Amino acid sequence: MDGKITALKAQKRNPNRINVYLDGEFSFGVSRIVAAWLQIGQPIDEHKIKTLQEQDAIEVGFQKALHFLSYRPRSEKEVRHRLEEHGFSSEQIDVLLERLIRSELVKDDQFARLWVESRSEFRPRSHRLLRIELLQKGISEEEIQAALSETEDDSALAYQAAIHYARRLRGQEWREFRERLSAYLMRRGFDYGTISPVVRQVWEEIFTIQDGQQDSGNEEQENG
């Protein structure tokens, strides 16, 4: 498929891609950044075309990876899986990941820290469950341990989770309160040794507040 470039035209539906014409006929399309090295009148052989198409595949993959990363940080394993879904070969994915890592767009140690911080703030769970989640994301044991060392211990995390959920249990009797809150904390990966004192602590705090509010209301009525 040797020939001479006779035209370079932007695609109507995607101006970031360029159609390359050889000897007056459409031959192939590449991204604009790859086409930047092409000129009308330039001779081109089959080997060069294959090289351009491979460069184009890498550029397309890079843009897809950037789009995937634009929503939230991703682990290396997540990016690899997404590129596999788009049909890229293992060799192409290795090249793309090397480029993303070199650009510090994919950093598993940073991903692990952000994951733990986000979970601990918005959906607290145990270190054990956090570790399982990060292992599923392909994070190494060393990076997981480093991330977990920067967060609170299980007792503090269980307390945060319990305080948030206990708002739904106001007015419950002790037995139901204990059973429902304990079950919730178990689903968050906490063990019984952590759950039991936390449930008791939250129960006592809630009823102390409620009793204080009731006493304050009674005083106002008496003074009124």
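## Strands E2 and E3

Asn19 has Gly29 in strand E3 as its bridge partner. The model is predicted. Six bridges pair E2 with E3, in the antiparallel sense. The two strands form a hairpin. Two residues lie between them. Asp23 sits in the turn, and its phi is positive, at about 55°.

## The sheet and its edges

E2 also pairs with strand E1. E1 covers residues 3-10, and E2 covers residues 17-22. Five bridges join these two strands, which run antiparallel. One residue to look for here is Ala7, whose bridge partner in E2 is Tyr21.

The full sheet has four strands in the order E3-E2-E1-E4. The sheet is open, and the pairing is antiparallel. Which strands stand at the edges? They are E3 (25-31) and E4 (43-44). Each has a single partner strand, so one side of each is left without a neighbour in the sheet. Helix H2, residues 46-69, packs on the sheet. H2 touches E2, E3 and E4. The direction of H2 makes about 40° with that of E3.

## Rings and charges

Tyr21 does more than pair with Ala7 in the sheet. The count of aromatic pairs comes to six. In one of them, Tyr21 meets Phe26 with the ring centres 5.9 Å apart. The planes stand at 75°, so this pair is edge-to-face; the cut-off for that class is over 60 degrees. Phe26 has 46% relative accessibility and counts as partly exposed. Tyr21 also has a charge over its ring: the charged end of Lys9 sits there, 5.0 Å from the ring centre.

A cluster of rings involves residues with higher numbers. Trp174, Phe177 and Trp203 form one aromatic cluster. Arg200 lies over the face of Trp174, at 4.2 Å from the ring centre.

## Salt bridges across the chain

How many salt bridges does the structure hold? There are 12. One of them joins Glu78 to Lys137, with the closest N and O atoms 2.8 Å apart. Glu78 lies in helix H3, residues 76-85. Lys137 lies in the loop between helix H6 (127-136) and helix H7 (141-148). The pair therefore ties together parts that are 59 residues apart in sequence.

Are Glu78 and Lys137 buried or exposed? Both are buried. Glu133 and Arg125 are also joined by a salt bridge, at 2.7 Å from N to O. Glu133 is buried, and Arg125 is buried as well. Glu78 and Lys137 belong to one network with Arg72, joined by salt bridges that share partners.

## A salt bridge within helix H4

Arg102 and Glu98 form a salt bridge too, with the closest N and O atoms 3.8 Å apart. Both residues lie in helix H4, which spans residues 90-102. They are four residues apart, about one turn of the helix. Arg102 has 58% relative accessibility, so this residue counts as exposed; the cut-off is over 50%.

Key: Residues numbered from 1 in each chain as written. Predicted model: local features only at pLDDT ≥ 70, side-chain atom pairs only at ≥ 80, totals over all residues. Heavy atoms only, no water. Pairing = 2+ DSSP bridges. Contact = heavy atoms within 4.5 Å. Axes fitted to C-alpha atoms, helices over the stretch in contact; angles between N-to-C directions. Phe/Tyr/Trp six-rings, centres within 6.5 Å; stacked < 30°, edge-to-face > 60°. Buried < 20%, exposed > 50% of the residue type's maximum accessible area, 1.4 Å probe, protein only. Lys NZ or Arg CZ within 6 Å of the ring centre and 35° of its normal. Salt bridge = Lys/Arg side-chain N within 4 Å of Asp/Glu carboxyl O.
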